[in-house]
Amino acid sequence: MEVVGTNEALSTRLFRMEPKIRYVAVNQSGRIVEMAQSPSHPSYNSCETDRIEELIVNPVVLELAARRGNLDMEGIRYVVIRYGTQYQLLMPYREGHLSVGVEKQDDPLEIARKITAALKLQP
């Protein structure tokens with residue numbers, strides 16, 4: 001399940017590792033460096049709303065949760081958001097965050113564990 005350490009896009013590696021993943025975005029230092037929809041899963045919304053979510057909404061959600069987690073709960077590992085059409089996983093990642101869309105019938109916690117292990121993130 002090795003996902004770390006290649007020049008291949010992170011989204012490509014995650015889509016291959018877990019076919020249930022529908023969307024991957026990476027924000028580093030406030031800049032979207034990757035945003036990809038799985039070829040197996042059509043988008044439920046426009047690319048522009050995804051862009052706004054990755055630049056504004058997801059960093060704020062993670063920051064708020066991290067502030068609470070850092071007080072006395074040993075930090076934050078990930079946040080799961082349940083929208084009407086899908087789950088969204090938000091994970092601190094390097095100098096920003098990783099955002100992963102998951103179908104509503106799939107288990108976002110199971111997928112979060114797989115990603116955490118593959119990227120060697122703190123469990």
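Which residues does L62 touch, not counting residues up to four places away in sequence? In this predicted model, the residues that L62 touches are I76, V79, L90, M91, P92 and H97. L62 itself belongs to helix 2, which covers residues 47–72. One of the residues it touches, V79, is at the start of the range given for strand 3, 79–82.

The accessibility of L62 can be stated next. Its relative accessibility is 7%, and because buried means under 20% relative accessible area, L62 counts as buried. For a distance along the chain, take L62 together with R113: the two are 51 residues apart in sequence, and their C-alpha atoms are 18 Å apart in space. R113 falls within the numbering of helix 3, 108–118.

The loop between helix 2 and strand 3 contains E74. The backbone of E74 has a phi near 60°, a positive value in a residue other than glycine. E74 has a relative accessible area of 68% and is therefore exposed, the limit for that class being over 50%.

A positive phi in a residue other than glycine is also found at K120, where the angle is near 55°. K120 is placed in the segment that follows helix 3. With 59% relative accessibility, K120 counts as exposed.

Taken together, L62 in helix 2 is buried, whereas E74 in the loop after that helix is exposed, and K120 in the segment after helix 3 is exposed as well.

Terms used
Residues numbered from 1 in each chain as written. Predicted model: local features only at pLDDT ≥ 70, side-chain atom pairs only at ≥ 80, totals over all residues. Heavy atoms only, no water. Helix = DSSP H or I, 4+ residues; strand = E, 2+ residues; numbered from the N terminus. Buried < 20%, exposed > 50% of the residue type's maximum accessible area, 1.4 Å probe, protein only. Contact = heavy atoms within 4.5 Å.
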